[in-house]
Amino acid sequence: MDRLDREILGILQQDARISYRDLGVRVGLSANATADRVRRMRREGVIRGFTTIVDPAADTAGGLVVFIDVTLRQDTTNEEFERQVAKLSGITEVVHVTGEHDYLVRARAADPAALDGLLRRMKREAGVAQSNTRIALRAATRPGQSPGWSGQFTG
């Protein structure tokens, strides 16, 4: 990856729907050259996909959006946890993290009873020893709209 690739990635992180023409103008390339770079980065796995981020407050029919800090049992491996938690309904993201807990899990649950069921299944089936759950009330910032942070690292 070179400077242009990093610049393209930064712009795509802000607006993944930008046209190749507009993206090319911003980085000083033709639309075709820009499209070729994006296709190459997708093929090489640098760009793993595109997503839509929905404000939890905007999707009231979707139930609760929760963040669950997870600590694994001593006898549970990371690979086993990841394999088992992927089978559970409602899990939308699983991130291995540093700090006090092993993982941060993002999930959806229809209501508190469904959340209770999900937590019980995580403990019983995925090797979770301890969890701490937070409910999302609303998204305070969105990618591309956060003041003071460009979504990319430079240096």
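Colleague: Is the crossing of H1 and H2 left-handed or right-handed?

Modeller: This is a predicted model: local features need pLDDT of at least 70, side-chain atom pairs count only at pLDDT 80 or more, and totals for chains, interfaces and linings use all residues. Residues are numbered from 1 along each chain as its sequence is written, and side-chain values use heavy atoms, leaving out hydrogens and water. A crossing is left-handed if the near helix is turned anticlockwise from the far one by less than a right angle, and right-handed if clockwise. For helices H1 and H2 (DSSP runs of H or I, at least four residues, numbered from the N terminus), the crossing is right-handed.

Colleague: Is H1 roughly parallel or oblique to H2?

Modeller: The axes (lines fitted to C-alpha atoms over the stretch in contact, with angles from 0 to 180 degrees between N-to-C directions) come within 10 Å and cross at roughly 130°. Therefore H1 is placed by its angle (under 35 degrees roughly parallel, over 145 roughly antiparallel, 65 to 115 roughly perpendicular, the rest oblique) as oblique.

Colleague: Which residues in H2 does H1 meet?

Modeller: Contact means heavy atoms within 4.5 Å. From H1, Leu4, Glu7, Ile8, Ile11 and Leu12 take part. Their partners in H2 are Leu23, Arg26 and Val27.

Colleague: Is Val70 buried or exposed?

Modeller: Val70 sits in strand S1, residues 64–72 (a DSSP run of E, at least two residues). Its relative accessible area is 0%. With a 1.4 Å probe and protein chains only, under 20% is buried, over 50% exposed and in between partly exposed, so Val70 is buried.
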